[in-house]
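User: I've got a two-chain model open and would like to talk it through with you. Could you take my questions one at a time?

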There are 2 protein chains.
Amino acid sequence: MRYGYLGTMRAAPGRRDEVVAILLSGQDGLRAAGCDLYVVGTSDTDPDLVWVQEVWASKEHHQASLQLPETKAAIAKAMPMLTGEFTSQELDIVGGLGLRE
Amino acid sequence: MRYGYLGTMRAAPGRRDEVVAILLSGQDGLRAAGCDLYVVGTSDTDPDLVWVQEVWASKEHHQASLQLPETKAAIAKAMPMLTGEFTSQELDIVGGLGLRE
């Protein structure tokens, strides 16, 4: 089964959109790294929170992607804009509509 | 922006996989109803919980889909297998990899 990762990160007040831009800037290399889905969302109910929904070929593919130079650079760039409050949920992706076959 | 819906539903002990099968059985009609993503996930850390990650053209498309006969039938079929414990989070989908353009 594919590996799902649901995460949130809290931006410092007023920095959310900069964090979102950084996250989206790195998406080109993700497909080649085994990423089938990388969706960034926000919510008016909590304006500093950024949601990321990811689906990878495997947990190992996800772990390996964190070692990519561009991923490391994006994390380093975003970190000063974040409060350090993170949540995460790992999932076994059973199936559904819209995921690359 | 597209509308994201993140939800969980708790199955009665031992009924999770039946609920998952029902959710996946209804996916064919969703695309036509404006659904770009409908992903079902589970987690070993909470064996009765079912996660659904959805992206729709709009909130209205999502709301309207709940009135579809096949959606109503799937909900009615699954309800007896659920405990009634639901969570949901609405999102503005800013962008990312893997979503249908």
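User: What turn and what shift lay chain A on chain B?

Analyst: Keep in mind that this is a predicted model. Chain A can be laid on chain B with an RMSD of 0.0 Å, and what does it is a turn of 180 degrees with a shift along the axis of 0.0 Å. The two copies are thus related as by a two-fold rotation axis.

User: What percentage of the contact residues of chain A recur in chain B?

Analyst: The same surface serves both copies. The share of chain A's contact residues that recur in chain B is 100%.

User: In what order do the strands close into a barrel?

Analyst: There are 8 strands in the barrel, and the pairing is antiparallel. The order is β1(A)-β3(A)-β2(A)-β4(B)-β1(B)-β3(B)-β2(B)-β4(A). From one strand to the next, the twist averages 35 degrees.

User: How many bridges join β2 of chain A to β4 of chain B?

Analyst: Here β2(A) covers residues 35–42 and β4(B) covers residues 82–97, and the two run antiparallel. A:Val40 has B:Gly95 as its bridge partner, while A:Tyr38 stands opposite B:Leu97. The number of bridges joining β2(A) to β4(B) is 5.

User: Which residue of β3(A) does A:Gly41 stand opposite?

Analyst: A:Gly41 stands opposite B:Ile93 in β4(B), but you're asking about β3(A). That strand, residues 49–56, pairs with β2(A) in the antiparallel sense over 7 bridges, and the two form a hairpin with 6 residues between them. In β3(A), the residue opposite A:Gly41 is A:Trp51.

User: How many residues of β2(A) are buried?

Analyst: β2(A) is mostly covered. Taking buried as under 20% relative accessible area, the count for β2(A) is 8 of its 8 residues.

User: What is the bridge partner of B:Ala11 in β4(B)?

Analyst: Within chain B, β1(B) and β4(B) run antiparallel and are joined by 9 bridges. In β4(B), the partner of B:Ala11 is B:Leu82.

User: Is B:Thr42 buried or exposed?

Analyst: B:Thr42 is found in strand β2 of chain B. Its contacts beyond the neighbours within four places in sequence include A:Glu90, A:Leu91, A:Asp92 and A:Val94, along with B:Arg16, B:Val20 and B:Leu49. Its relative accessible area is 4%, so B:Thr42 is buried.

User: Which strand of chain A do the buried residues of α1(B) pack against?

Analyst: Helix α1 of chain B spans residues 16–25, and B:Arg16, B:Val19, B:Val20, B:Ile22, B:Leu23 and B:Leu24 are buried there. In chain B, they pack against β1, β2, β3, α4 and β4. In chain A, the strand is β4.

User: What arc do the buried residues of α4(B) cover around the axis?

Analyst: The residues in question are B:Thr71, B:Ala74 and B:Ala78. They sit on the same side of α4(B), because the arc they cover is only 65 degrees.

User: Which exposed residues does the face of α4(B) turned away from its buried side carry?

Analyst: The buried side is covered by elements including α1, α3 and β4 of chain B. The face turned away from it carries the exposed residues B:Pro69, B:Ala76 and B:Lys77.

User: How far apart in space are B:Ser65 and B:Gly29, C-alpha to C-alpha?

Analyst: B:Ser65 is found in helix α3 of chain B, and at 3% relative accessibility it counts as buried. Leaving aside its neighbours within four places in sequence, B:Ser65 is in contact with B:Ala33, B:Trp56 and B:Thr71. B:Ser65 and B:Gly29 are 36 residues apart in sequence, and their C-alpha distance in space is 9.2 Å.

User: Where in chain A does UniProt place the feature "domain: ABM"?

Analyst: The end C-alpha atoms of the span in question lie 6 Å apart, and the span is 36% helix and 39% strand. According to UniProt, in an unreviewed entry, the feature lies at residues 3–91.

Notes:
Residues numbered from 1 in each chain as written. Chains lettered and ligands numbered in written order. Predicted model: local features only at pLDDT ≥ 70, side-chain atom pairs only at ≥ 80, totals over all residues. Heavy atoms only, no water. Helix = DSSP H or I, 4+ residues; strand = E, 2+ residues; numbered from the N terminus. Buried < 20%, exposed > 50% of the residue type's maximum accessible area, 1.4 Å probe, protein only. Contact = heavy atoms within 4.5 Å. Pairing = 2+ DSSP bridges. Axes fitted to C-alpha atoms, helices over the stretch in contact; angles between N-to-C directions. Least-squares fit on C-alpha atoms with pLDDT ≥ 70 in both. UniProt positions renumbered as here; feature names shortened; annotations may be inferred. Arc of directions from axis to C-beta.
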